[in-house]
Amino acid sequence: MHKNAFDNGQIKIGIMGGTFDPIHYGHLFAAEAARVEFGLSKVIFIPVGSPPHKQSQRISHPEHRYRATALAVSSNPNFEVSRLEVDKSGITYTFDTMKKLRSIYGKDADIYFITGADAVLELLTWYKFKDLFTLCRFITVTRPGYNYMELEQKIEEISSNYGGEILCLEVPLLDISSTDIRERIRSGKAVKYLLPEEVEAYIFKNGLYKE
Ligand code: NAP
């Protein structure tokens, strides 16, 4: 385990960014594992509003993704959910979100953006990525058995060319995927035990992912 939450007098916060369409146990476990491993005082889940890389893709309404995420995190006192991105009009960029979080938590807060390895491989295409590296560090979560070759090269490139800091964390359960859950619901297959019961109930009550 790394340093504790306030050992430099700094607050350490994890930001769990994702589409969460829908949120599942892989996301929840990754956030909790990162919180414990890196001594984060809390993890804030921020469902994306209108993600830049999914403009041509159909995703569920932000309000549904936000409400399901709120239900999923409600039993963990160290988790929060934020409306920062779902309430924003237009495309939501992580840079803008981080700037806002800096203004809330101050320049001394230690902020970690937690996301999947695929997102990290694309990081150098993100809006204002160089400035983003001055606002937060990254924790990239991978499933056991992940082939690190490409990821390690990217992390090295980001570190030596742009000073970006990316930490890796291997976590079980990341084989669960939102895409697979949506397809399972569409074809009437089981999803129980892949995601919290409250989220499953919310999905069925609102008829999500049927078509
Ligand atoms: P994605 O491309 O849908 O996800 C890629 C992979 O990572 C999927 O396997 C996904 O699994 C997994 N994943 C996504 N978020 C994760 C998380 N927090 N923890 C663990 N695994 C995660 O990624 P996304 O969800 O749309 O985007 C991730 C974050 O990057 C969002 O906050 C988004 O706003 C940000 N982003 C920003 C920019 C930009 O500012 N220009 C561009 C791209 C992405 P599931 O499908 O099961 O979730």
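**Exercise 1. Work out how S2 and S3 are joined: which sense do the strands pair in, and over how many bridges?**

Take the pairing to begin with. In this predicted model, S2 and strand S3 (residues 79-81) run parallel, and three bridges hold the pair together. To find the register, look at Val43, which sits opposite Phe79 in S3. Now trace the connection: from S2 the chain passes through helix H2 (residues 62-73) before reaching S3, and this β-α-β crossover is right-handed.

**Exercise 2. Turn to the other neighbour of S2: which residue stands opposite Ile46, and which elements make up the β-α-β unit with S2?**

Start with the strands. S1 covers residues 12-18 and pairs with S2 in the parallel sense, over six bridges. Within that pairing, Gly17 is the residue facing Ile46 of S2. Next comes the link: helix H1 (residues 25-37) goes together with S1 and S2 in a β-α-β unit, and the unit is right-handed.

**Exercise 3. Decide how S2 is packed: are its two faces covered or open?**

Step one is the general pattern. Side chains in a regular strand alternate between the two faces of the sheet. Step two is to sort the residues of S2 by side. Lys42, Ile44 and Ile46 belong to one side, and Val43, Phe45 and Pro47 to the other. Step three is to check burial on each side: all of these residues are buried, and both faces are covered. The count for the strand (residues 42-47) agrees, with six of six residues buried.

**Exercise 4. Place S4 in the sheet: which strands does S4 pair with, and how many of its residues are buried?**

On one side there's S1, which runs parallel to S4 and is joined to it by five bridges. Met16 has Ile114 of S4 as its bridge partner. Then look at strand S5 (residues 137-142): that strand also runs parallel to S4, again with five bridges. Here Tyr112 faces Arg137 in S5. As for burial, S4 (residues 110-116) is mostly covered, with six of its seven residues buried.

**Exercise 5. Go through the loop between S1 and H1 and pick out the unusual backbone: which peptide bond is cis, and what is the phi of Phe20?**

Keep the usual case in mind: most residues other than glycine have a negative phi, and most peptide bonds are trans. Pro22 lies in this loop, and the bond leading from Asp21 to Pro22 is cis, with omega near 0 degrees. Phe20 is in the loop between S1 and H1 too. Its phi is near 50 degrees, a positive value for a residue that isn't glycine. Is Phe20 buried or exposed? Its relative accessible area is 4%, which is under the 20% cut-off, so Phe20 counts as buried.

**Exercise 6. Do the same for Lys128: where is Lys128, and what is its phi?**

Lys128 belongs to the loop between helix H4 (117-121) and helix H5 (129-135). Its phi is positive, about 50 degrees, although Lys128 is not a glycine. For accessibility, 39% falls between the 20% and 50% cut-offs, so Lys128 is partly exposed.

**Exercise 7. Take two helix residues, Lys154 and Thr97: are they buried or exposed, and what does each one contact?**

Lys154 sits in helix H6 (residues 149-162). At 18% relative accessibility it's under the 20% cut-off, so this lysine counts as buried. Leaving out neighbours within four places in sequence, its contacts are Val120, Leu121 and Leu124.

Thr97 is part of helix H3 (residues 94-105). With a relative accessible area of 7%, Thr97 is buried. Beyond neighbours within four places in sequence, Thr97 is in contact with Ile46, Leu84 and Glu85. Ile46 should ring a bell: that's the S2 residue opposite Gly17.

**Exercise 8. Describe the ligand's surroundings: which residues come nearest, and which backbone atoms lie by its polar atoms?**

There are 22 residues around the ligand, and Thr19, His24, His27, His53 and Lys54 come nearest. Now go through the backbone. A polar backbone atom of Gly18 is 3.3 Å from a ligand oxygen, and a backbone N or O atom of Thr94 is 3.0 Å from an oxygen atom of the ligand. For Ile114, a polar backbone atom is 3.3 Å from a ligand nitrogen. To finish, check the cover: on its own the ligand has 870 Å² of accessible area, and the protein covers 86% of that.

Key. Residues are numbered from 1 along each chain as its sequence is written. This is a predicted model: local features need pLDDT of at least 70, side-chain atom pairs count only at pLDDT 80 or more; totals for chains, interfaces and linings use all residues. Side-chain values use heavy atoms; hydrogens and water are left out. Buried means under 20% relative accessible area, exposed over 50%, partly exposed in between (1.4 Å probe, protein chains only). Helices (H or I, at least four residues) and strands (E, at least two) are DSSP runs, numbered from the N terminus. Two strands pair if DSSP finds at least two bridges between them. A crossover is right-handed if, with the strands pointing away from the viewer, the path from the first strand over the helix to the second runs clockwise. Contact means heavy atoms within 4.5 Å. A residue is near a molecule or strand if one of its heavy atoms lies within 4 Å of it. A polar contact is a pair of N or O atoms within 3.5 Å; within protein, one must be able to donate a hydrogen and the other to accept it, and residues adjacent in sequence count only if both atoms are side-chain atoms. Accessible areas come from the Shrake-Rupley method with a 1.4 Å probe; for residues, only the protein chains shown count as cover.
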